[in-house]
Amino acid sequence: LEVFYRVGVPDAERAKPQRLLLTVEMESDFSKAAKTDSIADTIDYFAVTQRLLKFGDAKSWKLIEKLAADIADAILSEFKPQGVKVEVKKFISPQARHISVRLTKKS
């Protein structure tokens, strides 16, 4: 998911939102949804996406490590998966394709 959040150690870097890529993997028992084919029996991924698109509104972070932890906590709290893995990719260094952190949390 492509998002634009304010993140960076220097104040100047947090002055305007920058492009980040998020990868979110949620762990849950989807067997009921597989049988019923009903959105009511699973996690609404569109709702997760909409939440993450707005997650950075009026917020900022110095570290992508803290951002990943905050995203994981919000997903666990609001959408109730058994576990979540969040990767945040940041495009700050011209010498690297990207830098990233990956964090896994269980409920």
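Select Y5 and show what surrounds it. Setting aside neighbours within four places in sequence, Y5 is in contact (heavy atoms within 4.5 Å) with P17, Q18, L20, L22, L52, L53, F55, G56, W61, L67 and I71. The model is predicted: local features need pLDDT of at least 70 and side-chain atom pairs count only at pLDDT 80 or more, while totals for chains, interfaces and linings use all residues. Residues are numbered from 1 along each chain as its sequence is written, and side-chain values use heavy atoms, with hydrogens and water left out.

Next, keep Y5 and add L67, I71 and V88. These four touch the most other members of the largest nonpolar core, which has 24 residues. Such a core is a set of buried Ala, Val, Leu, Ile, Met, Phe, Trp, Tyr and Cys residues joined through side-chain atoms within 4.5 Å; buried means under 20% relative accessible area (1.4 Å probe, protein chains only). Two or more residues each come from β1 (2–7), β2 (18–27), α2 (45–54), α3 (64–79) and β4 (83–90). Helices (H or I, at least four residues) and strands (E, at least two) are DSSP runs, numbered from the N terminus. Which element gives the most to this core? It is α3, with 9 residues.

Now colour the strands. Five of them form an open sheet of mixed pairing, in the order β3-β1-β2-β4-β5; two strands pair if DSSP finds at least two bridges between them. The edge strands, β3 (60–61) and β5 (99–106), each pair on one side only. Select β1 and β2: their pairing is antiparallel, over 4 bridges. Within β2, Q18 is the bridge partner of Y5.

Terms used: Buried < 20%, exposed > 50% of the residue type's maximum accessible area, 1.4 Å probe, protein only.
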